[in-house]
There are 2 protein chains.
Amino acid sequence: MVKTKDKIILAAEKLFSEHGFEQTSLRQITSEADVNLASVNYHFGSKKSLIQAVMSRYQSVFMPALDEQLSRLAEHETYSTTDVLACITAPLIALRQVRIDGPVIYLRLLGFAYSEIQGHLRKFTMTHFGHVVQRFFEMIQQANPHLSRKTLFWRLHFSLGAMLFAQVSGQALREIALADFGEETQAEETFLKLLPFVAAGIAADDPESQI
Amino acid sequence: MVKTKDKIILAAEKLFSEHGFEQTSLRQITSEADVNLASVNYHFGSKKSLIQAVMSRYQSVFMPALDEQLSRLAEHETYSTTDVLACITAPLIALRQVRIDGPVIYLRLLGFAYSEIQGHLRKFTMTHFGHVVQRFFEMIQQANPHLSRKTLFWRLHFSLGAMLFAQVSGQALREIALADFGEETQAEETFLKLLPFVAAGIAADDPESQI
DNA sequence: TCTTATTTTAAACATGCGTTTAACTCAGTT
DNA sequence: AACTGAGTTAAACGCATGTTTAAAATAAGA
């Protein structure tokens, strides 16, 4: 027999990843989970806490795995931007342990977490896994010594934006792509298409330093 | 004396661009504009119509200007990805006519228009200015004959995502950047930093075609 | 088995939203 | 001077949200 708390988590993940956090009401969640409305507040305290519980379930698997990948790569003498970016793939696939469609769910949740003004989610991530994020940043910098920290900062966030947008708008975009040139695109394929784009963008020459 | 309708538009633009469309209530707008709550529905009919009026004010200046820039470039025999992307700059700056901080406002509005699920805004843009968007796409393709339509489609949307994210999260990111390495970044500077990133990402080799 | 926690439930609560209503103001017209 | 119509206003409407309450049901322990 499935516990009420788990039913809530599973339904919340699904609906959050489809419609975003703010656009999903507790009534939708409890209806999908087939539990009573008040049980969310009983088990999680508040909607905000439920959101954090949902995110934490994925972050606590993804972040340590990413940290380990970065550790391995760091032992090499040199590495490219693509090498660092490639460290993301395995930890992402590891999210299948959490849920069969975990990788897609997590990326979509991440997208909404940033595009909505979920300030508490950003804070939550940084206080728990800030060191991993920082390490990632430093290794990208190591791979691109020709770029200033400032330029790298912005390019990494451009990359993040590209990924998040592709995930959040993913379904709509895949439908358009299908209508425009009759070719299906799988959700995971999107992420693979992203990597070379991002790698080239990050490693591009910096106009500022050419002056 | 400033008309009520204009006071509403100005206040709505400001608040929409700061907090998004759904996160901004009519009560906030009418309070900021110092007009009565009901006057929005009287002058615009509904919140949805107000949103479209706000967007239209910028689109009707930006899109024709972009179209003209593309026309000029199209007369050249060849052009690069950067050339096509550079066509965006002048029309963006032209938005100063609409409002002194028009360029920033418009980019931020665009960001929210896509990151929130404002389906009607996408439809609105495509029915009115779909031919400009399509022309832009085709010229990017012309500049990158080595890439498949599918790859280009995705890379353009990655680029869009990078730009939108930088705008929507722009203020928060600039604050972080300032705290991290004590360097101010102007809102418009962000857009300039974006261009080389996007140009390199779009023009990158396509792994698929290398197989 | 009786008692005590724990969990579930239906109902209500307080708040904020977009919208509508109907009364009122006031310049312009007849 | 009386009328007209666009504009403004305060108030209320209907609805949806997250949260709380208190009673009922179930599970656990003595």
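This is a short dialogue on reading the chain interface, the DNA surfaces and the salt bridges of a predicted model.

Me: Before we start, how should I read the numbering and the values?

Reply: Residues count from 1 along each chain as its sequence is written, while chains are lettered from A and ligands numbered from 1 in the order in which they are written. The model is predicted, with local features needing pLDDT of at least 70 and side-chain atom pairs counting only at pLDDT 80 or more, whereas totals for chains, interfaces and linings use all residues; side-chain values use heavy atoms, leaving out hydrogens and water.

Me: How many residues of chain A and chain B are in contact?

Reply: Contact means heavy atoms within 4.5 Å. Here 46 residues of chain A are in contact with 46 residues of chain B.

Me: And what is the area buried between chain A and chain B?

Reply: Buried area is the accessible area (1.4 Å probe) that two parts lose on being put together, summed over both. For chain A and chain B that is about 4000 Å², with carbon and sulfur atoms giving 72%.

Me: How many residue pairs are in polar contact between chain A and chain B?

Reply: A polar contact is a pair of N or O atoms within 3.5 Å; within protein, one must be able to donate a hydrogen and the other to accept it, and residues adjacent in sequence count only if both atoms are side-chain atoms. Between chain A and chain B there are eight such residue pairs, both residues being at pLDDT 80 or more.

Me: Which element gives the largest share of the side of chain A that touches chain B?

Reply: Elements are DSSP runs numbered from the N terminus: helices are H or I with at least four residues, strands are E with at least two. On the side of chain A that touches chain B, two or more residues come from each of helix 7 (102-115), helix 9 (149-168), helix 10 (170-181), helix 11 (187-203) and helix 12 (207-210) of chain A. Helix 9 of chain A gives the largest share, 15 residues.

Me: How do the residues of that side of chain A divide by class?

Reply: Ala, Val, Leu, Ile, Met, Phe, Trp, Tyr, Cys and Pro count as nonpolar, Asp, Glu, Lys and Arg as charged, and the others, Gly among them, as polar. The side of chain A that touches chain B has 22 nonpolar, twelve polar and twelve charged residues.

Me: Let's turn to the DNA. Which residues come nearest to DNA strand C?

Reply: A residue is near a strand if one of its heavy atoms lies within 4 Å of it. Of the 14 residues around DNA strand C, the nearest are T4(A), H43(A), L26(B), R27(B) and K47(B). Sugar and phosphate make up 48% of the atoms of this strand that come within 4 Å of the protein. Phosphate oxygens of strand C lie 3.0 Å from a polar side-chain atom of Y42(A), 2.8 Å from one of H43(A) and 2.9 Å from a polar backbone atom of L26(B). Helix 3 of chain A gives the most to this surface, with three residues.

Me: What about DNA strand D: which residues come nearest there?

Reply: Of the 15 residues around DNA strand D, they are L26(A), R27(A), K47(A), T4(B) and H43(B). A polar side-chain atom of R27(A) lies 2.9 Å from a base nitrogen. On the backbone, a phosphate oxygen is 2.9 Å from a side-chain N or O atom of Y42(B), and H43(B) has such an atom 2.9 Å from a phosphate oxygen too. Helix 3 of chain B supplies the largest share of this surface, three residues. By class, the surface near strand D has five nonpolar, seven polar and three charged residues.

Me: How many salt bridges does the structure hold over all chains?

Reply: A salt bridge is a side-chain nitrogen of Lys or Arg within 4 Å of a carboxyl oxygen of Asp or Glu. The structure holds 14 over all chains, and the count between chain A and chain B is two. One salt bridge joins E189(A) and K150(B), with the closest N and O atoms 3.2 Å apart. This pair crosses from helix 11 of chain A to helix 9 of chain B.

Me: Is K150(B) buried or exposed?

Reply: Buried means under 20% relative accessible area, exposed over 50%, and partly exposed in between (1.4 Å probe, protein chains only). K150(B) counts as buried because its relative accessibility is 7%, whereas E189(A), at 22%, is partly exposed.

Me: Within chain A, where do R99(A) and E13(A) sit?

Reply: These two form a salt bridge with the closest N and O atoms 2.7 Å apart. R99(A) is in the loop between helix 6 (89-93) and helix 7, and E13(A) in helix 1 (residues 4-19), 86 residues apart. Both are buried.
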